[in-house]
Amino acid sequence: MATREIQVGQQLEPFVIDSVDPEPMKTMAAILEDPNPIHFDTNVTRELGLGDQPVNQGPTNLTWLTEFVQRFAGGPDRLVTLKVRFLGNVLGGDRFECTGTVTAVDHDAGVAELEVGATSDGRPALGGTAVIKLAD
Amino acid sequence: MSDYGHLAGHRFPGGTYTLPPWLSWLWADACKLEPDWATAHQGLAYLVALRGAGVSIQDIFDLMDATADSGVVFGEFQVDYHGVLRPGATYDCEAEVVEVERKSGRRAGVFDKLTFQVKVREEGSDDMTIVCTNSWIFPRAERSD
């Protein structure tokens, strides 16, 4: 939990998905009503030159980054802002890892700023910033 | 190539959206997180905003004259949290297109960046729960001039 003891430069505990499972992408496509076949039809990913694996949905990657930040913050009620850029595809079978650093701490306001990001098999996948409330 | 800048200010239908507890559970499960009937994952902000806007992904593709296989990707996503999302809660939502920018890059070629914002309040409350600002990238077949 991010308490008032946290310091600028502190690294967040990484969040890792060892191997992105393609099967839940089908559930997520149905939930999202996302018609894009790159998430479930590998014939299409091959035709588009994306390879033999389906592409994970951006909202799933976003959810993992959100989970990563809220674990550090100490709960969902401690999120203030999350701003994310989508930098690259996350493919089935990839190793997905979120990392982050504390970049600012405002004790008076009780908030901290974080630089966060994620890689997928070492490729940039997400980049962004977050603001969290500090625990007492 | 037509320009989509005129869509700035375009209001999506908006309305109310109730976050089904089963969907909240499945979302966490599909993300390989621990599903919890009592708590919605805050990553659901994306879906609540989209559903609350009253449009489907296909509707937005149609607005931008894009197809499902035209290579549309996410650009940026910002959530400002003023509260937490709850399974079973009903949300009042307002949504509009903020801007559409025509851009080009050496690798990406010509593309349109659509930015829209959704304001989400729990039904009956004056207080905001979340504000989502979302941009999508629409590649255009033509290359930069």
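How many helices and strands make up the secondary structure of chain B? I counted three helices and five strands in chain B. I note at the outset that the model is predicted.

**Entry: chain B overall**

I read chain B along its sequence and got the pattern β-α-α-α-β-β-β-β. I then boxed its C-alpha atoms along the principal axes, which gave roughly 55 × 35 × 20 Å. Of the 145 residues of chain B, 36% count as buried. I also looked at contacts in chain B between residues at least 6 apart in sequence; 71% of them join residues at least 24 apart.

**Entry: helix α2 of chain B**

I went through α2(B) residue by residue and found B:Ala45, B:Tyr46, B:Leu47, B:Val48, B:Ala49, B:Leu50, B:Arg51 and B:Gly52 buried. That is eight of the eight residues, so α2(B) is largely enclosed by the rest of the structure. Just after α2(B), I noted a positive phi of about 80 degrees at B:Gly54.

**Entry: the contact between the chains**

I listed the residues that touch across the chains: 27 of chain B are in contact with 32 of chain A. On the chain B side, the elements giving two or more residues are α1 (21–30), α2 (45–52), α3 (57–63) and β2 (73–81). Of these, β2(B) supplies the largest share, nine residues. I sorted the chain B side by residue type and obtained 16 nonpolar, seven polar and four charged.

**Entry: the sheet**

Which strands stand at the edges of the sheet? I first wrote down the order of the ten strands in this open sheet, β1(A)-β3(A)-β4(A)-β5(A)-β2(A)-β2(B)-β5(B)-β4(B)-β3(B)-β1(B), with antiparallel pairing. The edges are β1 (15–17) of chain A and β1 (15–18) of chain B; each has a single partner strand, so one side of each is left without a neighbour in the sheet. I found neighbouring strands turned by 20 degrees against each other on average, direction ignored.

I looked next at where the chains meet in the sheet. Strand β2 (residues 79–86) of chain A and β2(B) run antiparallel and are joined by five bridges. I picked out A:Lys83, whose bridge partner in β2(B) is B:Gln78. I also checked the pairing of β2(A) with strand β5 (residues 123–133) of chain A, which is antiparallel over seven bridges. In that strand β5(A), A:Val131 stands opposite A:Thr81.

**Entry: A:Val80**

I placed A:Val80 in strand β2 of chain A. Is A:Val80 buried or partly exposed? I counted 17 other C-beta atoms within 10 Å, and 20 or more are needed for a buried residue, so A:Val80 is partly exposed. Leaving out residues up to four places away in sequence, I found A:Val80 touching A:Val111, A:Val131, A:Ile132, A:Lys133 and B:Tyr81. From A:Val80 to A:Phe96 I got 24 Å, C-alpha to C-alpha, with their positions 16 residues apart in sequence.

**Entry: the nonpolar core and α3 of chain A**

I looked up the largest nonpolar core, which has 72 residues. Those touching the most other members are A:Leu65, A:Val69, B:Leu44, B:Ala45, B:Tyr46, B:Val48 and B:Ala49. Helix α3 (residues 58–73) of chain A gives this core its largest share, seven residues.

I followed A:Leu65 further: not counting residues up to four places away in sequence, A:Leu65 touches A:Val84, A:Cys98, A:Val116, A:Ala118 and A:Leu126. I then checked what α3(A) lies across, and found β1, β2, β3 (96–106), β4 (111–120) and β5 of chain A together with β2 of chain B. The helix α3(A) runs at about 145 degrees to β2(A).

Notes:
Residues are numbered from 1 along each chain as its sequence is written. Chains are lettered from A and ligands numbered from 1 in the order in which they are written. This is a predicted model: local features need pLDDT of at least 70, side-chain atom pairs count only at pLDDT 80 or more; totals for chains, interfaces and linings use all residues. Two residues are in contact if their C-beta atoms, placed from the backbone, lie within 7 Å. Helices (H or I, at least four residues) and strands (E, at least two) are DSSP runs, numbered from the N terminus. Ala, Val, Leu, Ile, Met, Phe, Trp, Tyr, Cys and Pro count as nonpolar, Asp, Glu, Lys and Arg as charged, and the others, Gly among them, as polar. Two strands pair if DSSP finds at least two bridges between them. A nonpolar core is a set of buried Ala, Val, Leu, Ile, Met, Phe, Trp, Tyr and Cys residues joined through C-beta atoms within 7 Å. A residue is buried if 20 or more other C-beta atoms lie within 10 Å of its own, exposed if 12 or fewer, and partly exposed in between; C-beta atoms are placed from the backbone. Axes are lines fitted to C-alpha atoms, for helices over the stretch in contact, and angles run from 0 to 180 degrees between N-to-C directions.
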